[in-house]
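Here is a short report on charge, packing and surface patches. Read it alongside the coordinates.

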Amino acid sequence: MSSILDRASRNFLWQHPWQLALAIVGIALGVAVVISIDLAMESSLTAFEQAGKAFSGTATHRIIAGDGGLDERLYTRLRVEQGIQKIAPVASAYVQLTEQTEESFRLIGIDPLIEKSLQAVWQQQQKANKTSVFLTRLLSEPNTALMSEQSAQRLHLKINDDFTVMADSREQRLKVIGLLAPDNAVSEQVLARLLITDIATAQEVLGLFGRLSSIEVVLDKNRPEILAQIGKVLPANALLISTDSQSQSMREMTRAFSINLKAMGLLSLLVGMFLIYNTMTFLVVQRRRLIGSLRAIGVTRRQIFKLIIGEAFLLAIIGTLIGIALGIALGQGLLYLISETINAIYFRIDTTSLMVSPVQIGKGVLLGIGATLLAVLPPAFEATRFSPVTVLTRSQLESGSRRLIKVAGLISLVLIAGGMALAFFSGKSISLGLASIFLLLFGFALLTPNFTLLSMRLIERLFGRFLGILWRLPPRMISAEISRTGIAIAALMIAVAATIGMDLMIGSFRQTVAQWLQASLRADLYVSLPGEKMTADKILADHRLKEKLAELPNVQMLSSVLHTKIITDDEFTKVSVFELNAKSKKGFIFKHKVGDDLWNRFEQRQTVIVTEPYAYHHDISIGQKILLQTAQGNEPFEVIGIYADYSGDQGHLAMSRHNFQHYWSDLGYSGIGVYAKDGTDLQQLENQLSKLVTAEQSVKSDRAIYKASMEMFEQTFTITETLRWLSAAIAFTGVFSALMALQFERTRQLGILRAIGITPRQLTALIFGETGLMGLTAGLFAIPAGNVVAYVLIFVVYQRSFGWTMAFYFNPWVIYQGLALAFIAALFAGIFPALKMAKTKPAEALRTE
Amino acid sequence: MTTEAAITIQQLSKSYQESGRQHEIFSKLDMQVRRGEFIVLFGRSGSGKSTFLNLVSGIDPPDRGKVIINGINLTGLTEHERTLFRRHHIGFVFQSYNLIPTLTVAENLLLPLELIKRITVKDKDKVAGLLARLNFADRLDSYPDRLSGGEQQRVAIARALIHDPDVILADEPTGNLDLDTGKQVLELLDTLVKKAGKTMIMATHSQEVIGMADRIFSIHNRSLVSR
């Protein structure tokens, strides 16, 4: 392409820096949101995997147990009796550093004699002789620990300094005997919250006398029989799993959450694409005279096409690079929110810093450039259609657009119908469920110009006679330039519909959870008994506490729960073990009709009830039997009920304590419900209970638990809210960009109005009238679209993602807020163009062509 | 035509900046236009004819000098006051017609009236009557883009007159029209404006207008020259 041709076009672009900047902003914001979610999500999960590798090193497999932990004699049996050499015992749990910081550290106890062969991450960064020194000192000096140089610096500790750690109200002094020097960002993160001690020290600190958290196994590929050998001696509560499959299952667990977040990111990109399309179309249409002239002097259609695509490519590169930088910054913020949500719903991960990989950057580049080029294709084709002889007038262009809008209307109906069909006939696929929302939103977006034309006609018909000529202008201007206003309204409509949909869904969810909590919290006070369930001390203490509680004069009765894990189908399944009373039984909301003998069967026979998410994810129905691994082998437990539970999305089983104790060993309690006698002063009773519990344990009223649970609920949606506002911000930029371009394009028309005597204030009011109407139209159309989105989110996406069913609660306030958001956003977007146009001198405006 | 001055221009100067340099368009122009007089302003492209009309109408303020219409010095008014003055006292006819594309023919005519007062049935009848005289009786509800150039300019002339302004300013009203249509437009202006006793300044290239004008001026070397 000739450079002069380039210059002819580029000079035009330089004269419109606002539009150029807004196109770049559109690309940058879309890319930033997608990339930030990807980076934050991947960093959280990678941190979890890397933390595992901190001590697993080259281990291929891991022996783990439920809450009882592993008996350390298993290690001896494997090593001595079975002759398996490449195994390493690990005792690990979280501890609190009491003096220097509030931070919790993961304490890992290793066997220094064999640790070296495992080549765990912490060793890889050290010199061989240094590692040997560390291991020898760990072995020879009791109560010693290693930590990273960065941690030591943060905690102001030096070699040979002492510090105190606390686990389960047990305090222990440890001495720093070595500092680990990570040589890259990943190992720095892995070691940031890690303490390494000899296994005996760890067992003492953590109270795991005679118990292990896991045994790491390095499997020789040439000796697969070792797996069978291990299998033979494994106790009933232990599992041999591959380290890969463990991290895989963690990813699987968070898959639904991850897909939903990424969909939110893509929504932002979709809105961003509207913005790019809009801006590029403007830039093409504004250059119709220039393009016509170029065609007249012999520039081919292909050259015009290349010219537009070339410009878009340049914009895409600039926008994408800015977007990646923004995405990394935004990712830092999102990382905390995502880690918190994963912590609250799934498993414990430490907050880390963002890890940026070239693959993710590559994905961002492809996405940014790909989305821009896709959005630019229609205007690029439009540019090639400009005649070299006659330059199309605005009205000619618009009449062409109106034909397209009619076709788009028909396509939109197909998309909406297709979206609904996809939503309800796509099995259990979350991705297809989300894809249906995209189809629906896109369908509604394509229908927006038709809806806008209809609305403007209706406004005129209803209010035209009451409005003066001047005030007929705003709806007329919107209709007259529908090819431009329609896109801006559609972009705003998508963002507001997504907001309404998410708000209705979150509101419905909140209401459902609130009702569930109110129904479930039957006791007056709850005693929480946290801590590692491996320790014999704890079990004994739990029982003593329960006895004391029962003896209190104002206590009518108690209920209890133990949250633990049982092996089923070669994986750990969460189980809640209940000791129920007449009141607490009423706290279960079953998803089906329940017979009178359910609780009798629950207590007396080999039965379980399962939560709704568990039944959904495992395709479980009433009457089905689940094989649970006991010390006597696999035992079938009949499912006699499915009940609502919103405490987690993986679901769990529930069985009576009577059943549990018949097959598994006692693990104490996780919580005790206290039911007061009538007329008891609950505050007094709470004070009384508080005196009986340890610092780790807590006493909370049903109201306090309700409040804390609802706060946790809100916290898990913080990330969703944040992303929603980001896409609204992009839509706002889109409307702003469209309005700016529109006003610039009609500068002359506004100049004529000024020439015939319209004051700047009237002109401002006209522009606000137009933008306000655009906002209202977007808001009004977002109401049905948002309701459809909410419906699909509640009954399709969330059910498939998490297995929860919830009722649809219509909240009119959400609608008013959506409407207000659209109206105010559009008005705000109109401020600058209105002020600019009001300030433009009519003589200048009249000179503009 | 009366001897009373409708427009008085004193020492009018205007310049603009381009690439950091000051370009003077004209300097110290003086002119008096009597009420009902038809002034034609000739000049090559870029000589400043449109700028002159913009200054007279108060669309653009001068650098120096005065524009006095009906005894009111426009240069002493604020932007807002000039706009209100224009609304009441000036009718503008542009080369590119400049009808509001989103308003119908009738609405384009009603808009200047609405800016002055509440529209009555009488006003609507006035618009209908004027348009009927221009053979637009059946096209009141048509939009400008449905009209030919000549038709649009006829509507634009009607719009300039509908609110009964004292002064009509016409900037190359035939510039975009063919010879025949241009003649028709000039005849219309002559009929409607001159016979209504309005004062008019028309900037044009058209020689056809010479016979209609009371006085002819041109802008030459930044000065106003009588011909």
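## Positive patch

This is a predicted model. On its surface, A:Arg385, A:Arg402, A:Arg403, A:Lys406, A:Arg457 and A:Arg461 form a positive patch. Two elements of chain A each give two or more residues to the patch: helix 16 (394-424) and helix 17 (430-463). Helix 16 of chain A has the largest share, with three residues.

A:Arg457 belongs to helix 17 of chain A. Its relative accessibility is 48%, so A:Arg457 counts as partly exposed. That value is over the 30% that patch membership requires.

## Chain A overall

Chain A contains 31 helices and 20 strands. Its C-alpha trace spans about 95 × 70 × 50 Å along the principal axes. Of the 849 residues in chain A, 57% are buried. Take the contacts in chain A with a separation of 6 or more: 82% of them join residues 24 or more positions apart.

The exposed area of chain A is about 35200 Å². Carbon and sulfur atoms supply 59% of that area. Chain A carries 80 positive and 68 negative side chains. The centres of these two sets are 13 Å apart.

## A buried alanine

Helix 19 (residues 482-520) of chain A holds A:Ala498. Is A:Ala498 buried or exposed? Its relative accessible area is 7%, so A:Ala498 is buried, the cut-off being under 20%.

Which residues touch A:Ala498, leaving aside neighbours within four places in sequence? They are A:Leu267 and A:Arg724. A:Asn787 is 289 residues from A:Ala498 in sequence. In space, their C-alpha atoms are 9.3 Å apart.

## Nonpolar patch

A nonpolar surface patch covers about 570 Å². Its members are A:Phe732, A:Leu776, A:Phe823, A:Ile824, A:Phe828, A:Ile831 and A:Leu835. Helix 30 (residues 812-839) of chain A gives the most, with five residues.

A:Leu776 sits in helix 29 (residues 760-802) of chain A. At 33% relative accessibility, A:Leu776 is partly exposed. This value also passes the patch cut-off of over 30%.

## Salt bridges

Over all chains, the count is 27 salt bridges. One of them joins A:Asp71 and A:Arg73, with the closest N and O atoms 2.6 Å apart. A:Asp71 is partly exposed, at 24% relative accessible area. A:Arg73 has 60% relative accessibility and counts as exposed.

Another pairs A:Glu81 with A:Arg77, at 3.4 Å from N to O. Both residues lie in helix 3 (residues 72-81) of chain A. They are four residues apart, about one turn of the helix. A:Glu81 is exposed, with a relative accessible area of 56%. A:Arg77 is partly exposed, with 37%.

A:Asp161 and A:Lys158 also form a salt bridge, their closest N and O atoms being 4.0 Å apart. A:Asp161 is partly exposed at 22%, while A:Lys158 is exposed at 57%.

## A network across chains

Which residues are linked in a network of salt bridges? They are A:Glu460, A:Arg472, A:Arg476 and B:Glu107. The network thus includes residues of chain A and a residue of chain B.

Methods:
Residues numbered from 1 in each chain as written. Chains lettered and ligands numbered in written order. Heavy atoms only, no water. Patch = residues over 30% accessible without salt bridge, like charges linked within 9 Å, V, L, I, M, F, W, Y side chains within 5 Å. Areas by Shrake-Rupley, 256 points an atom, 1.4 Å probe, with all protein chains shown as cover. Salt bridge = Lys/Arg side-chain N within 4 Å of Asp/Glu carboxyl O. Lys, Arg positive; Asp, Glu negative; His and termini not counted. Charge placed at Lys NZ, Arg CZ, Asp CG, Glu CD. Buried < 20%, exposed > 50% of the residue type's maximum accessible area, 1.4 Å probe, protein only. Contact = heavy atoms within 4.5 Å.
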